[in-house]
Amino acid sequence: MAYSESAWLIPLFPLAAFLLLTAWGRGFRRWAPIVGAAGSLGSLVLSILVMAEGVDYRDRINWIKIDGLSLSLGYEVTHLTSLMLVIVSLVSLLVCVYSAGYMKNDERITVFYGYVSLFVFSMLGLVLSDNMLMLYLFWELVGVCSFLLVGFWYHKPEAKAAAKKAFIVTRIGDAGLLLAVLLLFWYMPNHALDFAGIQNVFHGQSGAVDDGITTLIALLVFMGAVGKSGQFPLHVWLPDAMEGPTPISALIHAATMVAAGVFLIARTFVLFEASPAAMDTVAYVGAFTALFAATIALAQHDVKRILAYSTISQLGYMMLALGVGSMTGAIFHLMTHAFFKALLFLAAGSIIHAAHKQDIRELGGLGSRMRVTSILFGIGALALSGIPPFSGFWSKDAILSAALDHNPVLFVAGLLGALLTSLYMARLYFRVFAGKPSAASEGAHESPAVMLIPMIVLAVLAVVAGFADTPWNEWLSGWLLGGEPSAHDSSSPTVMIVSAAVSLLGLYIGWLAYVKKTIRPASVTEAMPGLSKWLERGYRIDDLFASVIVKPYRMLGTGAKLFDRYVVDGVVRLTAGAASGLGRMTAALQNGQVQTYGIAAVLGLIVIIVVMAGRRFWS
Amino acid sequence: MLASYLTMAAILFCIGLYGALVKRNAVIVLLSIELMLNAVNLNLVAFSKYGVVPSINGQIFALFTITVAAAEAAVGVAVLIALFRARGTIKTDEFDELRR
Amino acid sequence: MFDIEFNGEFAAFFVFAVLMIAGAVLMVSFTKVVHMVLSMAAVFLGAAGMFVLLEAEFLAFVQVLIYAGAVSILMIFGIMMTNHSDSRAETIKPLKETLAAVGAIALFGLLFYAIRDADFEGLDGGTPAQTTDNTLAIGQALFHNHVLPFELVSVLLTVAFIGAIALAKKEA
């Protein structure tokens, strides 16, 4: 019992680490990784204890109380949140250990660990929050951390631009979330914002809140999730965010923060269940994003960008799962994805660390140079592609079977996405590791143990995590739903066979194209140069935004600037000019000649006399 | 007749005022001021005879005025001579010390 | 508008008035400084004449002595001692002169309006009681009622005398 009650301590370990690192500053370089990792380790240990205990617990204190309205700060431990706590603290611990090697020579390593600790604190706080407002606060805080860490190498102009883009684009979604919070506050009985209250009000459509409003709130919440989780059309920031250090990409932009959107929807799932329209929106946006991002990933050349689009695609799967009503499938995939995508990013970081290149056209033949990395990357790739028995297969299977139950169109889209996923992973893997070593690969060498060990841990998890919820052992879904009967039927063997076959087909095509060279990928590019260019630029969504939103907005800004410069400033200058002109005029009067002063005095005297004497005529 | 004397004094005063404000030679400015003082004297004496309470006091006042005017003229000319010695001119528009 | 009978006093007043106005206008409009002073002397003499008309004979005498005599001569001395380099052409400042003229004329207009507006009925011809001997009356008034101002004026004159010498001295 004691562990759940002290769950509020979990985010405080990284916060303490952050404060310590910020206070100590630069002179603390050698200790920074240890302090950062210790903070995450503390959180991890407590999280595991809380999760193992498996007791729901809730506590809160009043924060602001005005006239019967009260806002509270509180924490809530449920099975869902305790699972998220473990995932977040585990991945962050591994990333902290890994960064000790990866960021070893960086000048600002203390700052880096400070930011990471702050992020972990905010993320854990987000997970633990018991009400929407508090969740929103932490939601913004993780956004800030993401901004700081994407722009960590701020001397690179791309990193600066990417940080700004990440912040501004997610802000659009955050505005939606804020509106949702305000609407909830307005319409909820007693203005309650806590998740338990939301659960009670919306469960089984009690009718306390109008249907239209429910749909609106759900869609606005979804808008927040779209921004944070990089769903179409707000996905554009995520590929650019890869300018940040690679461990950050693994932690924030693959495993935890981007999954916050999925977590948010899972947390407020009852809202969506109350609104079929919102559910459908989530499902279709998710399925479209999954397919859409996978096609883009096929044409990218940067290792990290491929992985970023893959992340978007996988988040699309999670949204799809939520949209078809399989919350457990989404969380299951979130968990397995956190492990194998973090593994892939860390392995990619290892490649970049060794070869100092991240363009797959310049890499090649690294398999012989970096055997361990290549095996670990392979495990991650197989898990992502959904090859049994790796974890990705099980979670993807759960999603696909839920989609088939719901709507065959979504199932087909998911299946197609799975094919593309295994294809681009095969392309990435074979281009980087197979074949003859390229020039850039010549000097590459295996990464140090401090980087390999976290990857090995993640690889083990990527293999075994899938067995948490297999068709014959639905431990996770049962556990998440708190002993209720499983929401989705056990997946049919057909789905499993089909999805595995499709994934294997993708791998086979990739193998033919990039190892056996029976299919020349260049022939596709040559046949349709426009298409590949188009895909490479991500369907030119950025350009579309630039011309549809950014440019008119900039024109508006220019217009406002001109208005400000010529009209507002004009008035100001006119006032100033009038004053100074009057001053110059009167200064000319001040010529130091007594006679001029005398004339002025006489004229003034006459005016006074006229006024005094004239009063008798009109009064 | 009082009105005629007063009008006469007003004319003299205004001419003196004009001269004092316009003339560039400081001596003439002094002279114009004497003219204005004379106009005042004329008024005083006219009221001394035609006033509501005719009295010799008007003439006494005029006498004092003449005395003060004489002293003023003497000091004024002395100042102008000193000024001329220092600056080489007594043009009124050459002096704008008040500006500083 | 001037409702006055044409008698001897008026004739004399008219002559003196013409003399004074002509002198004053010439004083303003002459270009040579010495001429200005001379025309000014005519104004002073006219004023003395008017004092006689106003039955202030002593004052008329003082006027001639001090103004027409002393002050005019003093001014001529002043001009002579300061007029060495008067070769530069007069710079004309039309704005200044116009403004001064407007001011002076407007002031005259106001004064004239006030004089015309005032009610002087029954004030004509009233004569001071002591018309018998103007000088005696002045002396009595001066040494009875105005002794203190008289003494102060004597001090003022002395101070002005010393001050003028001190200012005009070579090593001032």
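**Two interfaces with chain C**

Trainee: How much area is buried between chain A and chain C?
Mentor: Buried area is the accessible area, taken with a 1.4 Å probe, that two parts lose on being put together, summed over both. Carbon and sulfur atoms give 73% of the area buried here. The total is about 840 Å².

Trainee: What pLDDT do local features need in this predicted model?
Mentor: Residues are numbered from 1 along each chain as its sequence is written, while chains are lettered from A and ligands numbered from 1 in the order in which they are written. Side-chain values use heavy atoms, leaving out hydrogens and water; in this predicted model totals for chains, interfaces and linings use all residues, side-chain atom pairs count only at pLDDT 80 or more, and local features need pLDDT of at least 70.

Trainee: How many residues of chain A are in contact with chain C?
Mentor: Contact means heavy atoms within 4.5 Å. On the chain C side, 10 residues take part. Chain A also supplies 10 residues.

Trainee: Which three residues supply the most of the area that chain A buries against chain C?
Mentor: Look for the trio that no other three residues of chain A exceed. Together they supply 47% of the area buried on that side. They are Ile599(A), Leu603(A) and Ile606(A).

Trainee: How many residue pairs are in polar contact between chain A and chain C?
Mentor: A polar contact is a pair of N or O atoms within 3.5 Å; within protein, one must be able to donate a hydrogen and the other to accept it, and residues adjacent in sequence count only if both atoms are side-chain atoms. Both residues must also be at pLDDT 80 or more for this count. The result is one residue pair.

Trainee: Now chain B. How much area do chain B and chain C bury between them?
Mentor: The contact takes 70 residues from chain B and 84 residues from chain C. Carbon and sulfur atoms hold 76% of the buried area. The total is about 7,100 Å².

Trainee: Which residues in chain B lose the most area to chain C?
Mentor: Three residues stand out in chain B. Together they make up 10% of what that side buries. They are Met1(B), Arg24(B) and Lys49(B).

Trainee: Which residue forms a salt bridge with Lys49(B)?
Mentor: A salt bridge is a side-chain nitrogen of Lys or Arg within 4 Å of a carboxyl oxygen of Asp or Glu. The rule finds one across the interface of chain B and chain C. Its closest N and O atoms are 3.4 Å apart. The partner is Glu55(C).

Trainee: Which helix gives the most to the side of chain B that touches chain C?
Mentor: Helices are DSSP runs (H or I, at least four residues), numbered from the N terminus. Chain B has three helices and zero strands (a strand being an E run of at least two). With 23 residues on the side that touches chain C, the top contributor is H3(B).

Trainee: What percentage of the residues of chain B count as buried?
Mentor: Buried means under 20% relative accessible area (1.4 Å probe, protein chains only), exposed over 50%, and partly exposed in between. Chain A, with 619 residues, has 56% buried. For the 100 residues of chain B, the value is 69%.
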